Amino acid sequence: MFFGGRAVSLLPLILVLCLTSNSNILPVAEALWLTIPSSGTKCVSEEIQSNVVVLADYYVVDENNPDHIPTVSARVTSPFGNNLHHNENATHGQFAFTTSETGNYLACFWKDGSHQQDAELTLGLDWKIGIAAKDWESVAKKEKIEGVELVLRRLHGAVEAIRGNLIYLKDREAEMREVSERTNARVAWFSIMSLGVCIVVSIVQLWHLKRYFLKKKLI
Amino acid sequence: MEKGWGKMWALMVLLLLNWVSNISSLSVTVNEVECVYEYVLYEGDTVSGNFVVVDHDIFWSSDHPGIDFTVTSPGGNTVHNLKGTSGDKFEFKAPRSGMYKFCFHNPYSTPETVSFYIHVGHIPTEHDLAKDEHLDPINVKIAELREALESVTAEQKYLKARDARHRHTNESTRKRVIGYTVVEYVLLALASALQVIYIRQLFSKSVAYNRV
């Protein structure tokens, strides 16, 4: 990585390229790679609360033929079925939205009809939500902080996010405990009622048969 | 000029080293094999993460067969291997830099949804400090702090995925209690009605015989 004195000055530039570039020249360290099958779609989903910023970036990675990069189509749907992002025939794209409802957000990718070869496609996906999607460069510029102070500000943001998550988990646990206790009460109640239903039904049976036999003058 | 370069360099290095890999926990549906790739920049980085099988329909037996999880290094060796588990945490030191493959294998025909989280953490070592004079020892401490916070976040994501699975089980139990009990009552009433009809039928025939 450190080639010599002259190359050192180029390294910050390379690092900037690494962080901001979406091209296929340098592998972007932040992303996850998925394989898109030659037919069918590949979907990733996440359960997200409401009022959370989602920022995602996707790009096709193809080292085999750099001059003829295959294209993909993408669709992002909200838990209620609304189409949040739809893009066709692109080698890269990005989408950003703020969630309006809690639920499962689905992002699906599929190969385009024009590139139906047998080879599988590799897609890089950079999916960030919440605090990870925060634009720290603009915060640094606006408040004129840099270096260690910026780092510590980011750590502070991360700690606040942890606290928020903890409160969310606590609420979820309370909700689930309530459901469990209600189910438990229902099991007890329904079992006793089933015994009651059994007794009632057998009494009705006996009453009906007795009436029937009396009518038919058998007893 | 030199000081400006130094500051920018420190900022760049900090940005790269501390926030190189930050990923969200995604869910993917595993039909047979699903592989996810993650790039590890430095040799010796700690790759940590967790995965939980979220959506699975238990019908009869509560023993979930589980899925297999394999991590393959860029050289083709299996770095980490977990078999037949329905969710676990993992952590290993990357033996070399490059593209690592994380594969989930589902041995059964029913598709499973797996929620996973992978984090690659780098802490500057003494070697990195010696190489670059702009790297302060404070950067090491900040990197360690950052990694500790990341581990808390990873644990939270694991708990969230496990909670989602538990909620799924609870909902299923609730629906079953209501559904099966109502069906049970209806069947009971139906069985007794059938019994009565059958007995009536028996006796109506023998009355005919008795007349003879």
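**Two domains and the contact between them**

Hi everyone. The domain assignment splits chain A in two: domain 1 covers 32-145, and domain 2 covers 146-218. Please keep in mind that this is a predicted model, so let me start with confidence.

Averaged over chain A, pLDDT comes to 82, and 82% of the residues reach at least 70. Where is confidence highest and where is it lowest? The top of the range is helix α4 of chain A, residues 148-215, with a mean of 92. At the bottom sits helix α2 of chain A, residues 11-20, with a mean of 43. That low end belongs to a stretch you can find easily on the screen: residues 1-29 of chain A stay under 50 in pLDDT. The model does have 37 contacts for that stretch beyond four places in sequence. Still, where pLDDT is low, the predicted coordinates should not be read in detail.

Now to the two domains. Their C-alpha centres are 37 Å apart in chain A. How many residues are in contact across the boundary? Eight from domain 1 of chain A meet eleven from domain 2 of chain A. Together the two domains bury about 880 Å², and carbon and sulfur atoms account for 65% of that. On the domain 1 side, the residues that lose the most area to domain 2 of chain A are Gln49(A), Trp136(A) and Ile145(A), which together make up 68% of what that side buries.

Let's look at the charged pairs. Over all chains, the salt bridge count is twelve, and two salt bridges run between domain 1 and domain 2 of chain A. Here are two salt bridges worth clicking on. Glu47(A) pairs with Arg172(A), at 3.5 Å from N to O. Glu47(A) belongs to strand β2 of chain A, residues 41-48, while Arg172(A) belongs to helix α4 of chain A, so this pair ties together parts that are 125 residues apart in sequence. Then there is Glu143(A) with Arg153(A), where the closest N and O atoms are 2.9 Å apart.

Which element gives the most to the domain 1 side of this interface? Helix α3 of chain A, residues 136-143, does, with three residues. By residue type, the domain 1 side that touches domain 2 of chain A has four nonpolar residues, one polar and three charged. As for polar contacts, one residue pair is found across the interface, with both residues at pLDDT 80 or more.

That's my tour. Thanks for listening, and I'm happy to rotate the view for anyone.

Methods:
Residues are numbered from 1 along each chain as its sequence is written. Chains are lettered from A and ligands numbered from 1 in the order in which they are written. This is a predicted model: local features need pLDDT of at least 70, side-chain atom pairs count only at pLDDT 80 or more; totals for chains, interfaces and linings use all residues. Side-chain values use heavy atoms; hydrogens and water are left out. pLDDT is the predictor's confidence in each residue, from 0 to 100. Helices (H or I, at least four residues) and strands (E, at least two) are DSSP runs, numbered from the N terminus. Contact means heavy atoms within 4.5 Å. Domain bounds come from an automatic or database domain assignment. Buried area is the accessible area (1.4 Å probe) that two parts lose on being put together, summed over both. A salt bridge is a side-chain nitrogen of Lys or Arg within 4 Å of a carboxyl oxygen of Asp or Glu. A polar contact is a pair of N or O atoms within 3.5 Å; within protein, one must be able to donate a hydrogen and the other to accept it, and residues adjacent in sequence count only if both atoms are side-chain atoms. Ala, Val, Leu, Ile, Met, Phe, Trp, Tyr, Cys and Pro count as nonpolar, Asp, Glu, Lys and Arg as charged, and the others, Gly among them, as polar.
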